[in-house]
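This report covers the aromatic side chains of the structure shown below. Ring pairs come first, then charged groups over rings.

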Amino acid sequence: MPKRVDHDQRRKEIVEAAWRLIARGGFEAATMREIAAEAGYANGALKYYFTSKDDLLAAAFQHTFYRINERAAHTIGDRTGIEAIRALCLEMLPLDAERQVESRVAVAFWDRAASSKPLMKIHADAFAIWRKWIEDELETARREGLITSGLPDRTIIDALFFVTTGMRVLPMLEPGVTRPEVQLELLDSVLSRLA
């Protein structure tokens with residue numbers, strides 16, 4: 001009887017292999033040959049799961065957002081309003097080793113996305129999901145009387161994105177200056193202006 005292959009699982013393994021290579025050595029390290037070796041497959045096997053290297057890289061970029069969204073959904077749980085917004089933002093910040101790796105991968109992709117419409121769309125779609133998520137929680141917080149600030153949602157969300165995005169880059173450039181406690185302090189300073 002022929003061995004049954006879980007194609008979704010193999011595809012995920014290949015994406016994670018590409019992701020790990022990019023985390024360790026940037027895009028130069030993520031050749032198709034190296035990705036196949038990292039995943040434990042023959043070089044030619046990748047073509048059955050991805051039509052091109054660009055297709056594979058797009059899947060790896062999406063993987064970064066999936067990881068954040070999965071953790072955020074779990075962490076937020078029953079929290080609502082400002083607590084939920086804070087929990088989402090915390091999952092974006094490089095507060096531990098796992099999220100620091102995610103930040104390195106995201107920053108590598110941002111550079112590439114600047115000249116790639118498909119990657120830019122993935123980025124825009126992810127930020128649109130996060131924007132909607134935060135808008136919904138701001139509405140809940142206002143209904144509950146937890147927000148007294150007259151700041152429009154767009155200003156609040158932009159400020160949160162500037163902080164979370166900046167904090168994903170700065171720890172790579174100034175590791176001693178942007179320690180986790182500094183990141184938390186900056187995030188909380190933005191959130192405290194809402195009440």
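Rings of Phe, Tyr and Trp (the six-membered ring for Trp) count as a pair if their centres lie within 6.5 Å. In this predicted model, one aromatic cluster is formed by Phe27, Phe61, Phe65, Phe109, Phe127, Trp130 and Phe161. Searching the whole structure gives six aromatic pairs. A pair of aromatic rings is described by the distance of the centres and the angle of the planes. Two of the pairs, each with Phe109 as a partner, are listed here.

| Pair | Centre to centre | Angle between planes | Class |
|---|---|---|---|
| Phe27 and Phe109 | 4.9 Å | 90° | edge-to-face |
| Phe61 and Phe109 | 4.6 Å | 20° | stacked |

The pair of Phe27 and Phe109 links distant parts of the chain, with the two positions 82 residues apart. Phe27 lies in the loop between α1 (7–25) and α2 (32–39), while Phe109 belongs to helix α5 (residues 97–113). The pair of Phe61 and Phe109 also links distant parts of the chain: Phe61 is in helix α3 (residues 53–76) and Phe109 in helix α5, 48 residues apart.

Are these rings buried or exposed? Phe27 and Phe109 are both buried. Phe109 counts as buried because its relative accessibility is 0%, and the cut-off for buried is under 20%. Phe61 also has 0% relative accessibility and therefore counts as buried.

Charged groups are found over two rings. Arg112 lies over the face of Phe27, 4.7 Å from the ring centre. The charged end of Arg67 sits over the ring of Trp19, at 4.3 Å from the centre of that ring.

Key:
Residues numbered from 1 in each chain as written. Predicted model: local features only at pLDDT ≥ 70, side-chain atom pairs only at ≥ 80, totals over all residues. Heavy atoms only, no water. Phe/Tyr/Trp six-rings, centres within 6.5 Å; stacked < 30°, edge-to-face > 60°. Helix = DSSP H or I, 4+ residues; strand = E, 2+ residues; numbered from the N terminus. Buried < 20%, exposed > 50% of the residue type's maximum accessible area, 1.4 Å probe, protein only. Lys NZ or Arg CZ within 6 Å of the ring centre and 35° of its normal.
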